[in-house]
Protein chains: 2
Amino acid sequence: MPEPSDAAPAPAEPSLEEQIAAYQREFQDLDPQVEQIVSALQRLNRRMNVAYGRQTATLGMSNAEWEVLKALVVSGAPYQLGPGELAKRLGLTPAAMTHRIDRMASEGLVTRERDETNRVRVIVELTHEGREKWLEAMRMATVFEEELLQDLSGRERQLLGEALTHLLRRVEDTQPDAEGRLNDLN
Amino acid sequence: MPEPSDAAPAPAEPSLEEQIAAYQREFQDLDPQVEQIVSALQRLNRRMNVAYGRQTATLGMSNAEWEVLKALVVSGAPYQLGPGELAKRLGLTPAAMTHRIDRMASEGLVTRERDETNRVRVIVELTHEGREKWLEAMRMATVFEEELLQDLSGRERQLLGEALTHLLRRVEDTQPDAEGRLNDLN
DNA sequence: CCTGAAGACTTCAACACTAAAGTTCGAAGC
DNA sequence: GCTTCGAACTTTAGTGTTGAAGTCTTCAGG
């Protein structure tokens, strides 16, 4: 029987600090401060999406479906958008949107019908049930988000929000969209 | 010909500000400051992933493959990990990892071989070419990241990094992993 | 030994997404 | 009015992922 201590070192999932130390070790001219920001951002976003996924799962839907509900609600009454517009806002192809709407319509979250004034168009409309689901998800999400930020003072929140908004504006200016798929991890 | 102004209002992709205003309109008790942080974080992360995707594409690989290279590099010399361990670190199922390693091995980025001391295990090892690809991707990524953060002072970067790290720690404590798939948008 | 159980990876079937081709409708020219 | 073109959506083929079942190896008993 081998020594339990040095046989299989058990790789151990690297913490953020370990990961940044590894990057510095393997890549000389790295600014650890920049890397900390970027890596923390990515890990945080990932964890948050997992948490949202757990919440939406308790409502019997996926994050993907929640995204559609969000887009429709944000569009405002009468909560109608076309598949193409939805696809653009979610960063999907129209083909994927077709199938996603199929599922959601069969679950009663949205309705799909032809626009009778222009029969090329299709109108996807939020149902009452869809709106209720969105509200429930929103309640859970805001509780989670408030809990997440609970240690930050109002001042800290303001600074964080401003910094992130500034970075977002910068990346939007620098990378003029040109349609961005995503569905990638990280 | 209809008036161009009021016929089709052209939904217009909502900006961050418009999205938050819509949330407030549709959901009464919402803290706009919290929502700004969360929404900016999500949008920023998404845009960054699209940017990384463009960069890795110029190297003839996908973000998915880059993730594997990163995990191997972070593990340190001799840059070896098993499929199961890789899957856990990337948040994929072992099945997906098998196929991803297939592709990467056929592209020469990694090698796959049985561990002769324990023939149940498989060892995935970074090749020289894989390491070079990682280095090139890293060079491009750091340029992009530095450019992204260029308007922030050292002090601002420090505060941002601390805030994000704190939030990450909080979410890691609150949501004890329990394996998290992701592959979801936003 | 031989058997049974557990672990690590792979295979298989189902599903979601992308890219490209196809369909349908509306509008503009002739 | 017929044709052509473009717009909006759907269909099809191929890829990547999940969950479950299967295979192979090791280890512990009997």
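Start with helix α5(B): five residues, the largest share of the surface near DNA strand D, come from it. What you have here is a predicted model, with two protein chains whose copies meet through the same surface, since 100% of the interface residues of chain B are also interface residues in chain A. Below is a quick tour of the DNA side, the symmetry, the fold of chain A, the α4 helices and a few backbone oddities.

**Around DNA strand D**

- There are 23 residues around DNA strand D, and the ones that come nearest are Ala95(A), Thr98(A), Val120(A), Thr93(B) and Arg100(B).
- By residue type, the surface near DNA strand D splits into nine nonpolar, eight polar and six charged residues.
- On the DNA side, sugar or phosphate makes up 82% of the strand D atoms within 4 Å of the protein, and bases make up the rest.
- Thr98(A) turns up again here, with a polar side-chain atom 2.8 Å from a phosphate oxygen of DNA strand D.
- Gly84(A) uses its backbone instead: an N or O atom there sits 3.0 Å from a phosphate oxygen of the strand.
- Val122(A) also gets there through the backbone, with a polar atom 3.5 Å from a phosphate oxygen of DNA strand D.
- As for whole elements, two or more residues of this surface come from each of α4 (83-90) and α5 (94-106) of chain A and α5 (94-106) of chain B.

**How the two chains relate**

- Chain B lands on chain A after a rotation of 180 degrees with 0.0 Å of shift along the axis, and the RMSD is 0.1 Å.
- The two copies are therefore related as by a two-fold rotation axis.

**Chain A at a glance**

- Chain A has seven helices and three strands.
- Read from the N terminus, its elements go α-α-α-β-α-α-β-β-α-α.
- Chain A has 186 residues, and 49% of them count as buried.
- Take the contacts in chain A with a separation of 6 or more: 46% of them are between residues 24 or more positions apart.
- The accessible surface of chain A is about 9,100 Å², and carbon and sulfur atoms account for 52% of that.

**Helix α4, in both chains**

- How much of α4(A) is buried? Six of its eight residues are, so the helix is mostly covered.
- Those buried residues in α4(A) are Pro83(A), Glu85(A), Leu86(A), Ala87(A), Arg89(A) and Leu90(A).
- The cover over them includes α3 (63-74), β1 (80-81), α5 and β3 (122-126) from chain A, plus α2 (32-58) from chain B.
- Right behind α4(A) comes Gly91(A), with a positive phi near 75 degrees.
- Over in chain B, helix α4 (residues 83-90) is largely enclosed by the rest of the structure, because six of its eight residues are buried.
- For α4(B) the buried list reads Pro83(B), Glu85(B), Leu86(B), Ala87(B), Arg89(B) and Leu90(B).
- Among the elements covering the buried residues of α4(B) are α2 (32-58) of chain A and, from chain B, α3 (63-74), β1 (80-81), α5 and β3 (122-126).
- Gly91(B) comes just after α4(B) and has a positive phi of about 75 degrees.

**Backbone oddities before β1**

- In chain A, the peptide bond between Ala77(A) and Pro78(A) is cis, with omega about 0 degrees.
- Pro78(A) belongs to the loop between α3 and β1 of chain A, and Tyr79(A) lies in the loop between those elements too.
- Tyr79(A) isn't a glycine, yet its phi is positive, at about 60 degrees.
- Is Tyr79(A) buried or exposed? It counts as buried, at 14% relative accessibility.
- Chain B has a cis peptide bond as well, joining Ala77(B) and Pro78(B), with omega about 5 degrees.
- Pro78(B) is in the loop between α3 and β1 of chain B, and Tyr79(B) has its place in the loop between α3 and β1 of chain B.
- Tyr79(B) takes a positive phi of about 60 degrees despite not being a glycine, and with a relative accessible area of 14% it is buried.

Definitions and conventions:
Residues numbered from 1 in each chain as written. Chains lettered and ligands numbered in written order. Predicted model: local features only at pLDDT ≥ 70, side-chain atom pairs only at ≥ 80, totals over all residues. Heavy atoms only, no water. Least-squares fit on C-alpha atoms with pLDDT ≥ 70 in both. Contact = heavy atoms within 4.5 Å. Helix = DSSP H or I, 4+ residues; strand = E, 2+ residues; numbered from the N terminus. Buried < 20%, exposed > 50% of the residue type's maximum accessible area, 1.4 Å probe, protein only. Areas by Shrake-Rupley, 256 points an atom, 1.4 Å probe, with all protein chains shown as cover. Near = heavy atom within 4 Å. Polar contact = N/O pair within 3.5 Å; in protein donor to acceptor, adjacent residues only side chain to side chain. Nonpolar A, V, L, I, M, F, W, Y, C, P; charged D, E, K, R; others polar.
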